[in-house]
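Work through the exercises below with the model open. Try each task before reading its solution.

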Amino acid sequence: MAFTQPFVLRWGVVSTGRIAMEFVKDCLINPATRDTTDVAHKVIAVGSRNGNVQRAQDFITAYGSGAAIKAYGTYEEVYADNEVDAIYIGSPHTQHYDNALAALLAGKHVLCEKATTSNAAELRHLLSVAKEKKLFFMEAMWTRFQPLTKEVKRLAEEGALGDPVVLHADLSHDFQPETLPQTHRMLDPYLGGGALLDLGPYPMIWTVLALYEHPSNKKALPTSISASMVKSPITGVDSSTSWTVNFTSALRAQAILSCSMTIPTAQFGATIRYQNGNIIIGTPIFKPSTLTVQYFDKPGSGNVVREEKRVFEYVGGGWYYEADEVAKCVRDGKLESDLWGHDKSLLLMDTFDEVRRQGGYQLPAGVEKVV
Ligand SMILES: NC(=O)c1ccc[n+]([C@@H]2O[C@H](COP(=O)([O-])OP(=O)(O)OC[C@H]3O[C@@H](n4cnc5c(N)ncnc54)[C@H](OP(=O)(O)O)[C@@H]3O)[C@@H](O)[C@H]2O)c1
């Protein structure tokens, strides 16, 4: 189907934090810089909580590139704006459920930051509402839409590497928690603080891509998970977490994953080990720029006879790829993305529930709105 004019998706943004800033800045980049001509983005409104119109206005002044964007002092006004098609939610994890539910009930499509919700039950409820109201819903798993990731998917499935066997992935960052207020979203259990819900989605995106999505896995869910957490002495949230995810229904594959908020990230990034070679994804694994593929001389030898390295460069931050996916899906009347569909977000949240259960990390009473 040929499009003479791009389809313009009109966004409402709730919250004025760091990642909302990155998203808005990226939405305002000319799509032609990434060879996109069929969709475009317009930011219509930005909302801040607690009647703080000034905060929303300051955000627009700082990051709005001079566009005429409306400032609101409540999120509700953003949901109610008739000019808005889709809501971007950039609040802390434990606010996502309430924000997304309100947006859906107001008839808006939703792009919701990771971790999508506090738990899988909240996500299941949101998905049922989105389905009932025939609205698009997607977790903002931006890494999945980057060109490097699409190339990993192609290489992983073209056949030369065989089946995946072991995947290692880590995402860590030293947030220096001892210097943060206890109300910071990384430390506050009421905001879902800790390493897992913030950093854990990224080791999981590579697990989903390389193991869950692999054709030999036949869409089978993980067969077992084992997990361990080290808690922060400051507020008891997880400071370092490791977990394994086994896929043994159709594959014989295991993901070995970790995240920490008190140390820089591990240099191995994400390494996927196949029968016939390796795919090595550079750091940071949320937006890698290097991709190395190694091929063995024969299956299982470990003897690398061919190595190909590619470097990917991006204009801007790279969040616009997920925005483009939302625009294309909304334009085409889809309710979920083919690349990062509801089953994948549920796989993440079900895994995180189990990791928190085994690690003994319970969110405070009342934080989880659906249990
Ligand atoms: N995709 C990515 O690359 C990426 C990167 C970092 C973070 N994230 C995700 O994005 C979300 C926000 O992270 P961030 O780093 O942008 O956080 P942040 O800088 O702390 O911003 C969060 C914003 O949420 C709003 N908010 C709503 N309810 C809140 C509450 N009870 N307490 C504090 N703030 C509240 C606030 O804006 P107003 O007061 O203006 O409403 C605040 O500025 C998290 O879920 C995180 O996992 C994604």
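Domain bounds here come from an automatic or database domain assignment. This is a predicted model: local features need pLDDT of at least 70, side-chain atom pairs count only at pLDDT 80 or more, and totals for chains, interfaces and linings use all residues. Residues are numbered from 1 along each chain as its sequence is written, and side-chain values use heavy atoms, with hydrogens and water left out.

**Exercise 1.** Split the chain into domains and describe their contact.

Step 1. The assignment gives domain 1 (7-143 + 319-340) and domain 2 (147-311 + 348-358).
Step 2. Their C-alpha centres are 26 Å apart.
Step 3. Domain 1 puts 20 residues into the contact, and domain 2 puts in 23 residues (heavy atoms within 4.5 Å).

**Exercise 2.** Place the ligand relative to the domains, and describe its shell.

Step 1. Count the shell: 23 residues surround the ligand (a heavy atom within 4 Å).
Step 2. Note the closest: Thr 16, Ser 48, Arg 55, Tyr 75 and Lys 114.
Step 3. Both domain 1 and domain 2 supply shell residues, so the ligand lies between them.

**Exercise 3.** Find polar contacts of the ligand (N or O pairs within 3.5 Å).

Step 1. Start at Lys 114: a backbone N or O atom is 2.6 Å from a ligand oxygen.
Step 2. For Ile 19, a polar backbone atom lies 2.9 Å from an oxygen atom of the ligand.
Step 3. His 93 uses a polar side-chain atom, 2.9 Å from a ligand oxygen.

Conventions:
A polar contact is a pair of N or O atoms within 3.5 Å; within protein, one must be able to donate a hydrogen and the other to accept it, and residues adjacent in sequence count only if both atoms are side-chain atoms. Ala, Val, Leu, Ile, Met, Phe, Trp, Tyr, Cys and Pro count as nonpolar, Asp, Glu, Lys and Arg as charged, and the others, Gly among them, as polar.
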